[in-house]
Amino acid sequence: MSVSRTIVIAGFLAAIVGCAVVEALARRKDSRIPTLGDVCAYVMGYEVGRVPVGRIGFFGFWWWLGWHLFAR
Amino acid sequence: MEHPTELAADAPSRAWDRPVVTLPVLAFLSLVGGQLPSFSTRANVYTICLGGAMLWLGLGNRLPRRPPPTRLGPGAAWWLLPVAVFGIFEGATFLLGSTPEYPTFSKLADPLLEDRLLRSAGYFAWLTGFWVLVRR
């Protein structure tokens with residue numbers, strides 16, 4: 001395995017572990033860090049007029065991600 | 001601000017709307033999806049139909065939702081760190097052509113997802129995430 005590939009894999013793993021660590025910190029009692037679910041819910045609440053832009057964006061991205069990983 | 005989630009949050013919960021019911025359903029759908037190979041018409045149709053159904057549920061007011069937080073504190077900035085690390089590596093490897101030396105995340109995931117069990121597990125994670133988003 002090349003050094004560059006190893007670095008890339010380490011980078012992705014660091015990001016995933018980082019998410020898990022921040023989520024664990026957020027779930028502590030009286031934590032000032034919101035959970036990932038709260039962050040997503042807050043962003044999904046963004047609307048332009050009556051158009052739920054945040055929800056459409058999140059659902060569209062998640063839909064595309066599943067299609068990209070499992071179908072394409 | 002008029003917000004549809006507040007209306008939906010007041011809706012009465014349904015008998016089937018419990019983890020003991022929804023999780024086995026998601027698991028069954030995941031097992032089916034895990035049998036469908038990539039690049040097949042069936043996999044495309046299945047993914048598009050499942051995602052479309054979730055989108056339909058998520059954009060309507062058919063299911064009760066948890067009320068969203070009114071504001072995020074400064075602690076939310078901690079999320080930028082892992083997201084930025086992921087974005088930098090994904091963006092850089094994408095711009096470098098997603099080669100074996102510089103693979104994107106999906107290119108790394110592809111060989112793992114060829115295994116049907118792992119593929120079903122991935123499907124389950126995707127569908128569960130979708131369901132969580134629908135309820136937020």
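Here are legends for a few close-up views of a predicted model with chains A and B.

**View 1. Chain B as a whole.**
Let's start with the fold: chain B is built from 6 helices and 0 strands. Reading from the N terminus, that gives α-α-α-α-α-α. The C-alpha atoms take up a box of roughly 50 × 40 × 25 Å along the principal axes. How does the radius of gyration of chain B stand against that of a compact globule of 136 residues? Chain B comes out at 18 Å, while the globule would be near 14 Å. Buried residues make up 20% of the 136 in chain B. As for contacts in chain B with a separation of 6 or more, 72% of them join residues 24 or more positions apart.

**View 2. Where chain B touches chain A.**
On this contact, chain B puts in 42 residues and chain A puts in 36 residues. Which helices of chain B each supply at least two residues of the side that touches chain A? They are α3 (41-59), α4 (80-95), α5 (105-113) and α6 (116-134). The largest share of that side belongs to α3(B), with 8 residues. Sorted by class, the side of chain B that touches chain A holds 28 nonpolar, 12 polar and 2 charged residues.

**View 3. Helices α2 and α6 of chain B.**
Zoom in on α2 (residues 19-34) and α6 of chain B, whose axes come within 8 Å and cross at roughly 135 degrees. Angles from 35 to 65 or from 115 to 145 degrees count as oblique, and α2(B) and α6(B) are therefore oblique to each other. Their crossing is right-handed. The residues of α2(B) in the contact include B:L26, B:L29 and B:L31, and those of α6(B) include B:Y123, B:F124, B:L127 and B:W131. Two arginines of α6(B), B:R116 and B:R119, take part too. The class split for this contact is 8 nonpolar, 6 polar and 2 charged.

**View 4. Helices α2 and α3 of chain A.**
Over in chain A, the axes of α2 (residues 36-44) and α3 (residues 53-70) come within 7 Å and cross at roughly 125 degrees. That crossing angle makes α2(A) oblique to α3(A). Which residues of α2(A) meet α3(A)? On the α2(A) side there are A:C40, A:V43 and A:M44, and on the α3(A) side A:G54, A:R55 and A:F58. By class, the contact of α2(A) with α3(A) comes to 4 nonpolar, 1 polar and 1 charged residues.

Methods. Residues are numbered from 1 along each chain as its sequence is written. Chains are lettered from A and ligands numbered from 1 in the order in which they are written. This is a predicted model: local features need pLDDT of at least 70, side-chain atom pairs count only at pLDDT 80 or more; totals for chains, interfaces and linings use all residues. Two residues are in contact if their C-beta atoms, placed from the backbone, lie within 7 Å. Helices (H or I, at least four residues) and strands (E, at least two) are DSSP runs, numbered from the N terminus. Ala, Val, Leu, Ile, Met, Phe, Trp, Tyr, Cys and Pro count as nonpolar, Asp, Glu, Lys and Arg as charged, and the others, Gly among them, as polar. Axes are lines fitted to C-alpha atoms, for helices over the stretch in contact, and angles run from 0 to 180 degrees between N-to-C directions. The radius of gyration is taken over C-alpha atoms; the globule rule is 2.2 Å times the number of residues to the power 0.38. A residue is buried if 20 or more other C-beta atoms lie within 10 Å of its own, exposed if 12 or fewer, and partly exposed in between; C-beta atoms are placed from the backbone. A crossing is left-handed if the near helix is turned anticlockwise from the far one by less than a right angle, and right-handed if clockwise.
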